[in-house]
Amino acid sequence: KCKCDGLYMYLHMEIAMEFNSGKNRYNGNDNKSRVFNCDLVNEETKEDMYLVVDSVDDRKGILRDQIFDKKQITSTFAIESPSSIRNSTSFKNQLSHHKMIKNYL
C-alpha cells in the first residue's frame, strides 16, 4: 500500500480530470505527452508548478521525475503553460450540479 500523505491521490485525481482534454498536449513526441497544471505553487517563488506525463499507450502514462515552472514549460515544450482545470467553466459548472439536484428533490 502507498504510505504517502495524500499528495499522490490528489495528483492522480487532478491529472485524471484533464488527461483527455487535449488542451495539455504539446507538439513534440507525436502529441503523446501532456503538461498539467495541478494547482501546486512553489512556496519561494509563488509560481505555478507543472507536471509532465509521457504516454506509454492510450491507457497508461509515466509521470516525469521533474517539476517544471512556467518558463521551463514555454521554453522546453514551446507551448503556453496550461491553466488549471479548476479554473475552467466546465469544472465550475460541475460543482454547481449538486445545487440543481437538491433544488429538484
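# How the terms apply to this structure

Reader: What span should the 12 residues of helix H1 have, and how far apart are its end C-alpha atoms?

Author: The expected span of a helix is 1.5 Å times one less than its number of residues. For H1, residues 7-18, this gives 16 Å, and the end C-alpha atoms are 17 Å apart, which agrees. The model is a predicted one, in which local features need pLDDT of at least 70 and side-chain atom pairs count only at pLDDT 80 or more, whereas totals for chains, interfaces and linings use all residues. Residues are numbered from 1 along each chain as its sequence is written, and side-chain values use heavy atoms, with hydrogens and water left out.

Reader: What makes a run of residues a helix or a strand, and how many of each has the protein chain?

Author: Helices (H or I, at least four residues) and strands (E, at least two) are DSSP runs, numbered from the N terminus. By this rule the protein chain has four helices and four strands. Along the sequence their order is α-β-β-β-β-α-α-α.

Reader: Which residues of H1 are buried, and why are they said to line one face of the helix?

Author: A residue is buried under 20% relative accessible area, exposed over 50% and partly exposed in between (1.4 Å probe, protein chains only). Leu11, Glu14, Ile15 and Glu18 are the buried residues in H1. Seen down the helix axis, they fall within an arc of 95 degrees, so they line one face; the arc is that of the directions from the axis to the C-beta atoms. Met9 and Ala16, on the other side of H1, are exposed.

Reader: Against what do the buried residues of H1 pack?

Author: They pack against strand E1 (33-41), strand E2 (48-55) and strand E3 (61-63). Here contact means heavy atoms within 4.5 Å.

Reader: Why is asparagine 37 called buried or exposed?

Author: Asparagine 37, in strand E1, has a relative accessibility of 3% and therefore counts as buried. Not counting residues up to four places away in sequence, asparagine 37 touches Glu14, Glu18, Asp48, Met49, Tyr50, Pro82, Ser83 and Ser84.

Reader: Where does aspartate 39 lie, and what is notable in its phi?

Author: Aspartate 39 also lies in strand E1. The phi of aspartate 39 is positive, about 60 degrees, although this residue is not a glycine. With a relative accessible area of 30%, aspartate 39 is partly exposed. Its contacts, leaving aside neighbours within four places in sequence, are Tyr10, Glu14, Ser84 and Arg86. Aspartate 39 and serine 84 are 45 residues apart in sequence, yet their C-alpha atoms are 6.3 Å apart in space.

Reader: Why is lysine 46 called exposed or buried?

Author: Lysine 46 has a relative accessible area of 62%, so the residue is exposed. Lysine 46 lies in the loop between E1 and E2 and has a positive phi of about 65 degrees although it is not a glycine. In the loop between E1 and E2 one also finds threonine 45, which is partly exposed at 45%.

Reader: What makes aspartate 54 and arginine 64 a salt bridge?

Author: A salt bridge is a side-chain nitrogen of Lys or Arg within 4 Å of a carboxyl oxygen of Asp or Glu. The side chains of aspartate 54 and arginine 64 meet at 2.8 Å, N to O, and therefore satisfy the rule. Aspartate 54 lies in strand E2 and arginine 64 in the loop between E3 and strand E4 (68-69), so the pair ties together parts that are 10 residues apart in sequence. Arginine 64 is partly exposed, with a relative accessible area of 29%. The count by this rule comes to one salt bridge.

Reader: Which residues make the nonpolar surface patch?

Author: Ile101, Tyr104 and Leu105 make this patch of about 460 Å². Patches are made of residues with over 30% relative accessible area and no salt bridge: like charges are joined within 9 Å, nonpolar side chains (Val, Leu, Ile, Met, Phe, Trp, Tyr) within 5 Å. Isoleucine 101, in helix H4 (residues 97-104), has a relative accessible area of 51% and is therefore exposed.

Reader: How many of the 105 residues count as buried, and what area does the protein chain expose?

Author: Of the 105 residues, 30% count as buried. The protein chain exposes about 8200 Å², of which carbon and sulfur atoms supply 51%. Accessible areas come from the Shrake-Rupley method with a 1.4 Å probe; for residues, only the protein chains shown count as cover.
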